Amino acid sequence: RKQGCCYGCGALLQIEVPLGPGYVDPGKYATKAKHKQLDRVLCARCAGLCNGAMIPGVEDFTQRAHAAQLVASAAASEEAVALLGK
């Protein structure tokens, strides 16, 4: 299955996370995929920028996921230490 990239910013197209990089409306994505035009799609953010919208930066979900993983790991370590101390 070809995923495609935004021709504005180069982000991989996706339909799951509306505030994420490369987000495209599912209907638009399906239409473009059906006609094999995924190389001619602007993500929602780039489309908004082209229309003069003031759009905040895209969150880096990889950094957020890594931070959550570190917090979970630290919590598990503290729990283990507490169990060993009993």
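Which residues does L13 touch, not counting residues up to four places away in sequence? In this predicted model, the contacts of L13 comprise Q3, G4, C5 and C6 on the N-terminal side, together with G22, V24, Y29, L38 and V41 further along the chain, once residues up to four places away in sequence are left aside.

Several of these partners reappear when the nonpolar core is considered. The largest nonpolar core has nine residues, and L13 is one of them; C6, V24, Y29, L38 and V41 also belong to this core, and each of these five is touched by L13 as well. The remaining members of the core are L42, C43 and C46.

The wider setting is a chain with three helices and zero strands, so that the order of elements from the N terminus on reads α-α-α. Buried residues account for 19% of the 86 residues in the chain, while the accessible surface comes to about 6400 Å², with 60% of that area belonging to carbon and sulfur atoms. Where contacts link residues at least 6 apart in sequence, 39% of them join residues at least 24 apart.

One position in a loop deserves a separate look. K36 sits in the loop between α1 (26-34) and α2 (44-50), and the phi angle of K36 is near 55°, a positive value in a residue other than glycine. K36 counts as exposed because its relative accessibility is 75%, and the cut-off for that class is over 50%. The loop that holds K36 also lies between the helices whose ranges include Y29 and C46, two residues of the largest nonpolar core.

Technical notes
Residues are numbered from 1 along each chain as its sequence is written. This is a predicted model: local features need pLDDT of at least 70, side-chain atom pairs count only at pLDDT 80 or more; totals for chains, interfaces and linings use all residues. Side-chain values use heavy atoms; hydrogens and water are left out. Helices (H or I, at least four residues) and strands (E, at least two) are DSSP runs, numbered from the N terminus. Buried means under 20% relative accessible area, exposed over 50%, partly exposed in between (1.4 Å probe, protein chains only). Contact means heavy atoms within 4.5 Å. Accessible areas come from the Shrake-Rupley method with a 1.4 Å probe; for residues, only the protein chains shown count as cover. A nonpolar core is a set of buried Ala, Val, Leu, Ile, Met, Phe, Trp, Tyr and Cys residues joined through side-chain atoms within 4.5 Å.
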